[in-house]
Structures are given as C-alpha cells and as structure tokens.
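Work through the exercises below with the sequence and the 3D view open. Try each task before reading its solution.

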Amino acid sequence: MGIRILALLLLSAVAAHAQGTPDPSGHWEGGIDTPEGSIGVVVDLAKNGDGQIAGTIGVPPQNLRGFPLVIESADGRALTFRFRGAPGNRVFQGVLADDGASMSGDFIQSGFTMHFALSRTGAAQIDPPIKSAPIAKELEGPWSATLEGTYQNGIKRQVFLTLSNEPDGSSTGTVFNPGDGLEVPIASIKQDASSITLDLKAVGGSYSGKVNAEGTEIVGTFIQGTAVLPLTFRRSTGNTR
C-alpha cells in the first residue's frame, strides 16, 4: 500500500512539472529593441521527429525568411537559440512566461546586448525541405568566391559554397559568409548540363552560373533584391568555415 501511494505521489510530481514547463512550439512574432528602434522578427519552433526543438527565424526588414536556427539549450522555461552560422553571435537568450503565451530576454550580437520580446500567435509555420535531384560529381565539394560591388556598401566579401549528394539521392548545399557569420541553406539546386541554379530563399536571393569545361570554375550571377552582381566560384581546398 505504501509503495502504491509513493508511486502515485511521484507520478503527480512528474505531471505537475510537465504542466509547469510550457512547450515553446508555435509561431512567434515580436521585435528586438535596437538603438535605431525596434526590428520585427518572426520565429517558428516545433519538435522534430526525434522530439527535439527545431526552428526558423525571419527578419522582414532584412529580407530574411525561414532562416534555420540552432537550438543551443532548452531547460524548463529557459530557451537559448541562434542563427545558424558562426557560434556566439546573433544569440537569443529567452524565458517563456508562466502561461507560455510570450517569451522575452536578451539578444546578443557583436558584443552588444539588446532586449527582445515575442508573443505566440499560433501554430509553427515551417516549410518542409525541398528534395533536389542529385548533381554531377564535378560539382560536389567546396568552392570559394569574392563578392564585390555595390552590395554591402562596396565591401569585398569572401563567400564559400559547399555542394554535396546525400545517401537518399538528393543534393544539398550551403553558402557561408564569414563577414556576416551566416550559413545560408540552399533551398533547391537545379542542374541542366553545365548550368546550375541555386535558390537562396532564406535571404531572398539566387545564383545562376555555368561550370567551365575543366570543372574548376562556376561563372555566374548573384541576385538579391535589386542587386545583380557577377560572381565566380573557384575550387577551394581550404577550410570553408
């Protein structure tokens, strides 16, 4: 009898703990308080097939949409997540309210700490990934290029492209910009003979180019908003991160 009572007490304690820990899954809207004013952000969080929290973020004023998040920790009502890319930058350290309807805390970028606040407005809105057809062997691996011109105030930026074929027969890739510390996922990859098109939906951009006969260069054009810039990727042997 005593064992049964103890078991019931333990089950009650576990249930109470679960009820006291809100699930952060959902569609969140709010903003970051910067010295220049509030910047609107949209965050979507949901549990993946492994039961772990995953998510994306959008920053409409900066043309970011569905950008992948890295969930660094989830402990009770405390949640820490960041933009995918260089660790330690663009980090949200938040706490969910007792009722789970809001979240607030600190946003850390380049050594500066700013307040952010989000409100849950509905279910998570995360687009399912697109499976791209496999690419030619000569396109796989690391590539690097220098982005210059009027984009980003005329500052030259080195960017790294990584393309690969996956065991399931699809192709994937990322573009990493060390200057911004962002690792941009390629939403879809299309290859037609020597031509290749990369959809960079998360940053509202795209890249189209052609591979030379030697397979050492991809000569093409990067488009983002009104910016249309020539961009040539070359085979890279160094670290792309």
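## Exercises on pockets and core

**Exercise 1.** Into which classes do the residues of the lining of the largest pocket divide?

Solution. Sorting the lining residues by class gives 18 nonpolar, 14 polar and seven charged. The model sorted here is a predicted one. The space in this largest pocket is about 980 Å³. Its lining has 39 residues, and those closest to the centre are Thr56, Gly66, Pro68, Asp127 and Pro129.

**Exercise 2.** Find which elements give two or more residues to the lining of the largest pocket, and which of them gives the most.

Solution. Step one is to list the elements: strands E2 (37–47), E3 (53–59), E4 (64–75), E11 (171–177) and E13 (188–192) each give two or more residues. Step two is to pick out the top contributor, which is E3 with six residues. For the wider setting, the protein has 17 strands and one helix.

**Exercise 3.** Describe the second largest pocket by its volume, its central residues and the classes of its lining.

Solution. The volume is about 650 Å³. The lining has 31 residues, of which Gln62, Leu64, Arg90, Asp180 and Leu182 are closest to the centre. By class, the lining of this second pocket holds 23 nonpolar, six polar and two charged residues.

**Exercise 4.** Which members of the largest nonpolar core touch the most other members, and what does Phe83 touch?

Solution. The largest nonpolar core has 46 residues. Those that touch the most other members are Phe67, Phe83, Met103, Leu161, Leu163, Ile218 and Phe233. Now take Phe83 alone and leave out residues up to four places away in sequence. Its partners are then Ile57, Val59, Leu64, Phe67, Pro68, Leu69, Arg90, Phe92, Phe107 and Leu182.

**Exercise 5.** Locate Ser236 and decide: buried or exposed?

Solution. First, the location: Ser236 is in the segment that follows strand E17 (227–235). Next, the cut-off: a residue is buried when its relative accessible area is under 20%. Ser236 has a value of 11%, so Ser236 is buried. Last, the contacts: with residues up to four places away in sequence left out, Ser236 touches Pro142, Trp143 and Ser144.

**Exercise 6.** Give the buried share of the protein and the share of carbon and sulfur in its accessible surface.

Solution. The protein has 241 residues, and 38% of them count as buried. Its accessible surface is about 13200 Å², with 55% belonging to carbon and sulfur atoms. As a further figure, among contacts with a separation of 6 or more, 39% come from residues 24 or more positions apart.

How values were computed. Residues numbered from 1 in each chain as written. Predicted model: local features only at pLDDT ≥ 70, side-chain atom pairs only at ≥ 80, totals over all residues. Heavy atoms only, no water. Core = buried A, V, L, I, M, F, W, Y, C linked by side-chain atoms within 4.5 Å. Buried < 20%, exposed > 50% of the residue type's maximum accessible area, 1.4 Å probe, protein only. Contact = heavy atoms within 4.5 Å. Helix = DSSP H or I, 4+ residues; strand = E, 2+ residues; numbered from the N terminus. Areas by Shrake-Rupley, 256 points an atom, 1.4 Å probe, with all protein chains shown as cover. 1 Å grid on protein atoms, 1.4 Å probe; cavity = no way out; pocket = protein on both sides within 12 Å on 5 of 7 lines; lining within 4 Å. Points joined across faces, edges and corners; volume = space filled by probe spheres on them. Nonpolar A, V, L, I, M, F, W, Y, C, P; charged D, E, K, R; others polar.
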